[in-house]
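Student: I have a new structure open and would like a friendly tour. Could you take me through it step by step?

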Amino acid sequence: MFGFRVEARSGRARAGKLLTPHGEIPTPVFMPVGTAGAVKAVTRRDLVELDAKIVLANTYHLMLRPGEDIVAALGGLHGFTGWPGAFLTDSGGYQVFSLEGLRELTEEGVVFQSHLDGSRHQLTPERSMQIQQRLGADIAMAFDECPAYPSTREAVDAATARTTRWARRCKDAHARAEQWLFGIVQGGVHSDLRQRSASELLALDFPGYAIGGLSVGEPKPDMRRVLEQLDAQLPEDKPRYLMGVGTPEDILEGIARGVDMFDCVLPTRNARNGQLFVQGGRLSIRNARYKSDPLPPDPACGCRTCLTTSRAYLRHLHLSGEMGAATLLTIHNLSHYLDTLRAARQAILSGRFEEFRGEKSRDLLGPAVS
Ligand SMILES: [Zn+2]
């Protein structure tokens, strides 16, 4: 039911297949973020049409609303949402650690206040496993501590050690056979802590490994250095997931360093703010220069929005606060991300990933679209 194999390499970039109970996922893959069990502004049909293969859902949001009991009673995330593809759930850790001032951290776990109604809840490794097993995603994530950036070395060291202890508790508490549990490597920008975190997690033998604690504000060269280090240390035959990254450029940097899976809110969040990812850069649909522009948002794109909608009309919908604007812009941005990763995969399969990456970065240095 589960499996992963690398089919081709180009430099350090890998093209593979991830097998899940809800379909075969060609990698490298981008996972649209479906926070509350839905990717904001689009429907299930849109995601099928975009050929998305796997959606990320947030444990923190779903445990608070509607609660995992309701989701489980309706057949888990798949039965509840009707999404036929795969799901991955995060552990809830990242969100509760972001609730600065509303949380209390102990070795046992985190007590926090709901951002919805102020009610108190506890997340522990065991509780996160219980919720994620009831949500029933294809892939669950270990409950980790992601330190803020910047943090002192002592704080990162303590968080990294706790992440290992919690990973062990997650592994003990996880029993759902039709769900994979991934470990999360922490360690900030410190090479020795990353090394220790990875080797401790490898000893626990997870079927896949995520790289957490990057894209939290550290300089880009630090992110690339950590990825190169982990590329050499993580097993070749297991999937690697870089959490919360990033721009199309960051994703290509990750692929070049052996990463297989990515998620990020940028394409969906920016769409709702009127910012489009297009060939050659970014385009802000609010810009007055598009007021009577008959061109599609991205003439090089074949998505439903670009095939049917002008920049002028999109700008009008967006500025008028029409809900359809968010839908049309989100469809385009997700299409841009998914197409970029499909093209990257094809380039790896034909052994020309570095040329592909070079073409893409030259694109980005081209005339600014804004
Ligand atoms: Zn498009």
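Tutor: Happily! A word on terms before the hairpin: helices and strands here are DSSP runs, numbered from the N terminus, and two strands pair if DSSP finds at least two bridges between them. Keep in mind that this is a predicted model.

Student: How many residues lie between S2 and S3 in their hairpin?

Tutor: Strand S2 covers residues 13–20 and strand S3 covers residues 23–27, and the two pair in the antiparallel sense over 5 bridges. One of the pairings puts threonine 20 opposite its bridge partner in S3, glycine 23. The number of residues between S2 and S3 in the hairpin is 2.

Student: Which strands stand at the edges of the sheet S1-S2-S3?

Tutor: This is an open sheet of 3 strands with antiparallel pairing, in the order S1-S2-S3. Each edge strand has a single partner strand, so one side of it is left without a neighbour in the sheet. The edge strands are S1 (3–10) and S3.

Student: What does the twist average from one strand to the next there?

Tutor: Start with the pairing: S1 and S2 run antiparallel and share 7 bridges, and valine 6 stands opposite glycine 16 in S2. From one strand to the next in this sheet, the twist averages 15°.

Student: What angle does the direction of H14 make with that of S2?

Tutor: Helix H14 packs on the sheet and touches S1, S2 and S3. Its direction and that of S2 make an angle of about 115°.

Student: I can see a metal site too. What is the geometry of the zinc ion's site?

Tutor: The zinc ion is coordinated by Cys301 (SG), Cys303 (SG), Cys306 (SG) and His332 (ND1), at 2.1 to 2.3 Å. Four donors count as tetrahedral if all angles lie between 85 and 135 degrees. The angles among these 4 donor atoms are 98 to 119°, and the site is tetrahedral.

Student: How many residues apart in sequence are the parts that cysteine 306 and histidine 332 tie together?

Tutor: The donor residues are spaced C-x1-C-x2-C-x25-H in sequence. Cysteine 306 lies in helix H12 and histidine 332 in helix H14, so the pair ties together parts whose separation in sequence is 26 residues.

Student: Is histidine 332 buried or exposed?

Tutor: A residue is called buried under 20% relative accessible area. Cysteine 306 counts as buried at 7% relative accessibility. Histidine 332 has a relative accessible area of 0%, so this residue is buried.

Student: Which elements do the buried residues of H13 pack against?

Tutor: Helix H13 spans residues 311–319, and its buried residues are Arg311, Ala312, Leu314, Arg315, Leu317 and His318. After H13 comes glycine 321, whose phi is positive, near 70°. The buried residues of H13 pack against helix H11 (266–272), strand S16 (281–284), helix H12 (304–308) and helix H14 (323–349).

Student: Which helix gives the most to the largest nonpolar core?

Tutor: That core has 72 residues, and those with the most contacts inside it are Phe30, Ile255 and Phe353. Beyond its neighbours within four places in sequence, isoleucine 255 is in contact with residues including Pro28, Phe262, Leu341 and Phe353. The helix that gives the most to this core, with 8 residues, is H14.

Student: How many residues does the other core have?

Tutor: The other core lies apart from the largest one, and among its residues are Phe2, Ile25, Ile54 and Ile139. Its residue count is 20.

Student: Which residues of S6 are buried on its two faces?

Tutor: Strand S5 (residues 54–57) pairs with S6 in the parallel sense over 4 bridges, and valine 55 has phenylalanine 87 as its bridge partner in S6. S6 is also joined by 2 bridges to strand S10 (residues 139–141), again running parallel, with threonine 89 opposite alanine 140. Both faces of S6 (residues 86–89) are covered, and the buried residues are Ala86 and Leu88 on one side and Phe87 and Thr89 on the other.

Student: Which residue is the bridge partner of leucine 105 in S8?

Tutor: S7-S8-S9 is the order in an open sheet of 3 strands with antiparallel pairing. Within that sheet, 3 bridges join S7 to strand S8 (residues 110–113). In S8, the bridge partner of leucine 105 is valine 110.

Key:
Residues are numbered from 1 along each chain as its sequence is written. This is a predicted model: local features need pLDDT of at least 70, side-chain atom pairs count only at pLDDT 80 or more; totals for chains, interfaces and linings use all residues. Side-chain values use heavy atoms; hydrogens and water are left out. Buried means under 20% relative accessible area, exposed over 50%, partly exposed in between (1.4 Å probe, protein chains only). Contact means heavy atoms within 4.5 Å. Axes are lines fitted to C-alpha atoms, for helices over the stretch in contact, and angles run from 0 to 180 degrees between N-to-C directions. Donors are N, O and S atoms within 2.8 Å of the metal (3.2 Å for Na, K and Ca); water is not among the atoms, so sites may look incomplete. Four donors count as tetrahedral if all angles lie between 85 and 135 degrees; four count as square planar and six as octahedral if opposite donors are over 155 degrees apart and all others between 65 and 115; anything else is irregular. A nonpolar core is a set of buried Ala, Val, Leu, Ile, Met, Phe, Trp, Tyr and Cys residues joined through side-chain atoms within 4.5 Å.
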